[in-house]
Amino acid sequence: MPGPARARHPKGGTGDTDGAAPGHGPAATLASALSHLHRQSGKTHKLLGDDVGVDPSYISRVISGERIPSWKVARKLAHALDADPEELRPLWNAARGYHAANPATFHAALRGLRLAAAHPGIDVLQSKTRLPADQIDAVFTGTALPDWETTARLISALHGQCDTIRPLWDAARAATPPGTLLSTGSACSIPVGTFG
């Protein structure tokens, strides 16, 4: 008589810190982004579980926001869903409570918020924020760093949390060349190389 089947735990998980995600906040934003990617992919939980090396039930709990995966699992899941893991990394960091303010992650964090909001078009964001379309596009492509007021309007339109993005914006602003003025309602074009 065979013994009970052993549960497969996610490889690279962090044990007890693989806790449940709250119903709102950064963990829910990460889950929202993963859920959007999952719907777009059309892949089953079983197929994703096989691709990532975890149980399909764990995939379900991660996508629903019940669990926050390790970065190793989140990265593999992003690849399996044909997404750029670096766009999910700031969302994952925030969900895990990591507040590393790396200037290069500011634009990725905004792209991650856009993904979590089901990737609204520039025109939709323009009507919600009253910001010029070219400015919104420049922020997402990483060619402009807007002032905080503009950034906050964009974050709100994406249903994000300003306190999660503010440290990344602060780091990006600190990395801008001296003498660069960022005025309210306008973007300042800064070379992508400035952010690493």
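What percentage of the 196 residues in the protein chain do buried residues make up? The notes below start there.

1. **Burial.** Buried residues account for 46% of the chain's 196 residues. Keep in mind that this is a predicted model.

2. **Confidence overall.** The protein chain has a mean pLDDT of 78. A pLDDT of 70 or more is reached by 74% of its residues.

3. **Low-confidence stretches.** Two segments need a caution. Residues 1-22 stay under 50 in pLDDT. The model still gives this segment 39 contacts beyond four places in sequence. Residues 179-196 also have pLDDT below 50. Here the model has 46 contacts beyond near neighbours in sequence.

4. **Secondary structure.** The chain comes to 10 helices and 2 strands. Along the sequence, the order is α-α-α-α-α-α-α-α-β-α-α-β. One strand thus sits between helices in the pattern, and another ends it.

5. **Contact range.** Take the contacts between residues at least 6 apart in sequence. Of these, 65% join residues at least 24 apart.

6. **Helix 5, geometry.** Helix 5 covers residues 85-96, 12 residues in total. From first C-alpha to last it reaches 15 Å. That is close to the 16 Å expected at 1.5 Å a residue.

7. **Helix 5, burial.** How many of the 12 residues of helix 5 are buried? The count is 9, and the helix is mostly covered. The buried residues are P85, L88, P90, L91, W92, N93, A94, A95 and R96. The list includes N93 and R96 as well as W92.

8. **Helix 5, partners.** Which helices do the buried residues of helix 5 pack against? They pack against helix 1, helix 4 (71-80), helix 6 (105-116) and helix 10 (162-174). Helix 1, one of these partners, returns in the next point.

9. **Cavities.** The structure holds 2 cavities of 30 Å³ or more. The second largest has a volume of about 30 Å³. Its lining has 10 residues, and those closest to its centre are A27, L30, A31, V62 and R67. Helix 1 (residues 26-41) gives the most to this lining, with 4 residues.

10. **Character of that lining.** How do the residues lining the second largest cavity divide into nonpolar, polar and charged? The lining has 8 nonpolar residues, 1 polar and 1 charged. R67 is among the residues closest to the centre of this cavity.

Key
Residues numbered from 1 in each chain as written. Predicted model: local features only at pLDDT ≥ 70, side-chain atom pairs only at ≥ 80, totals over all residues. Heavy atoms only, no water. 1 Å grid on protein atoms, 1.4 Å probe; cavity = no way out; pocket = protein on both sides within 12 Å on 5 of 7 lines; lining within 4 Å. Points joined across faces, edges and corners; volume = space filled by probe spheres on them. Nonpolar A, V, L, I, M, F, W, Y, C, P; charged D, E, K, R; others polar. pLDDT = per-residue confidence, 0-100. Contact = heavy atoms within 4.5 Å. Expected span 1.5 Å × (residues − 1). Buried < 20%, exposed > 50% of the residue type's maximum accessible area, 1.4 Å probe, protein only.
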